[in-house]
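This report walks through side-chain interactions in one protein model. Charged pairs come first, then the nonpolar core, then the aromatic rings.

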Amino acid sequence: MNALVKYAQLTPIVRSKLDFKLEEIPRFWFGGDPFLTRMFDALSLTFPDGERYFIESVRLFRSQIQDPDLQQRVADFIRQEAQHGIAHDKMNQLMKQQGMPVDAFINRLNKIFKFELSRRSPEYNIAMTAAAEHLTALMAETFCSQKSVLQAAHPYVRALFIWHAIEEMEHRDVAFDVMKDVAKVDENLKKFTLVWTSALMLGFTLYRANVMLKHDGFSMMERVKLNMKGLPWFFGKNGTLTRMSKPYRDWFKSDFHPSQHPVVDNYHIWLKTFEETQDPIQAADIFWQAAK
């Protein structure tokens, strides 16, 4: 695993109009593996509307923020999340062209988010957002800390997920600080929302992945075999997500703050390369080559 560098806080940087050349990727872009491809596709499906939900949850408290630094970080958080939604919308359009029921997925998701924002308290929504940001930041670091994790991914999709990971590292404490310092969310609600968010994310991702595999033409038995073969990649003894179990549990400590977690040291390699080239694909390739 990469050496890790601790940091107090990274500065969110808004990067727009990025071209990942997604129209050139194959159908099963993760090393030809249908299950892993569709699991990441299912995750991508959540991002555009999920990011918009995060933005709305933070905006519920924006007028109450007094600290100028947090005000600026919230503004940059909102702009970064908006760009994530735009980029993943393009990936979702590719799935739609492949015959996937993207609109049905998104309509259902929008109903859930609309219900949450209209029927749940602002404190609940910001806690859900902070919990989801904790999950995505941990996944970002986990996917990027070992070269082998994304080795089979097509370089263009790998670049998309690495760019998204970089920005998750940059703003992972913003919603948390709004939750703790502005919304004053209590510990019980904070703990509950991570458990609930984790269950929802896993459930929806598995469900959507298997619906898409069905549309790909795989029979029920074939899908069962694909799940049995593919799930250990995520949750096996040495699974990709299993490795993030300890930092995941840190959330339940009363004195936890995201800045206590390290960030992969090749973050600075991505940053330097992108500043020089303005090319997210080249930056991601050099970033990934620097991993161990």
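In this predicted model, salt bridges link R27, R38, D41 and D216 into a network. One of its members, R27, pairs directly with D216, with N and O 2.8 Å apart. R27 sits in the loop between β1 (4-5) and α1 (34-59), and D216 in the loop between α7 (187-215) and α8 (220-235), so this bridge ties together parts that are 189 residues apart in sequence. R27 is partly exposed, at 32% relative accessibility. D216 is buried, at 18%, because the cut-off for buried is under 20%.

**Salt bridges**

The count of salt bridges comes to 19. Three of them are set out here.

| Pair | N to O distance |
|---|---|
| R27 and D216 | 2.8 Å |
| D49 and R52 | 3.2 Å |
| E276 and K272 | 2.6 Å |

The bridge between R27 and D216 joins two loops. The bridge between D49 and R52 lies within helix α1, where the two residues are three apart, or about one helical turn. D49 is buried, with a relative accessible area of 9%. R52 is partly exposed, at 39%. E276 and K272 lie in helix α10 (residues 267-277), four residues apart, which again is about one helical turn. E276 counts as exposed, at 54% relative accessibility.

**Nonpolar core**

Which residues have the most contacts inside the largest nonpolar core? They are W29, I126, I162 and W270, in a core of 92 residues. Helix α4 (residues 122-145) gives the most to this core, with 13 residues. Beyond its neighbours within four places in sequence, I162 touches C144, L150, W270, A284, F287 and W288. W270 thus appears both among the residues with the most contacts in the core and in the contact list of I162.

Helix α4 also holds a charged residue, E141. Is E141 buried or exposed? E141 is buried, at 11% relative accessibility. Setting aside neighbours within four places in sequence, E141 is in contact with M169, R172, P262 and V264.

**Aromatic rings**

The model has 22 aromatic pairs. W29 and F40 form one that is edge-to-face, with centres 6.0 Å apart and 65° between the planes. W29 lies in the loop between β1 and α1, and F40 in helix α1, so the pair ties together parts that are eleven residues apart in sequence. Both W29 and F40 are buried.

W29 also pairs with F161. Their centres are 6.3 Å apart and their planes are at 25°, so this pair is stacked. F161 belongs to helix α5 (residues 155-171), and W29 to the loop between β1 and α1, so the pair ties together parts that are 132 residues apart in sequence. W29 counts as buried, at 4% relative accessibility. F161 is buried too, with a relative accessible area of 10%.

These rings belong to a wider set. Ring pairs link W29, F30, F40, F143, F161, W233, F234 and F235 into a cluster. W29 is thus part of the ring cluster and one of the residues with the most contacts inside the largest nonpolar core.

**Charges over a ring**

Which ring lies under the charged end of K147? That ring is W288, with the charged end of K147 5.1 Å from its centre. R158 also lies over the face of W288, at 3.8 Å from the ring centre. W288 is also one of the residues in contact with I162.

Key: Residues numbered from 1 in each chain as written. Predicted model: local features only at pLDDT ≥ 70, side-chain atom pairs only at ≥ 80, totals over all residues. Heavy atoms only, no water. Salt bridge = Lys/Arg side-chain N within 4 Å of Asp/Glu carboxyl O. Buried < 20%, exposed > 50% of the residue type's maximum accessible area, 1.4 Å probe, protein only. Core = buried A, V, L, I, M, F, W, Y, C linked by side-chain atoms within 4.5 Å. Contact = heavy atoms within 4.5 Å. Phe/Tyr/Trp six-rings, centres within 6.5 Å; stacked < 30°, edge-to-face > 60°. Lys NZ or Arg CZ within 6 Å of the ring centre and 35° of its normal.
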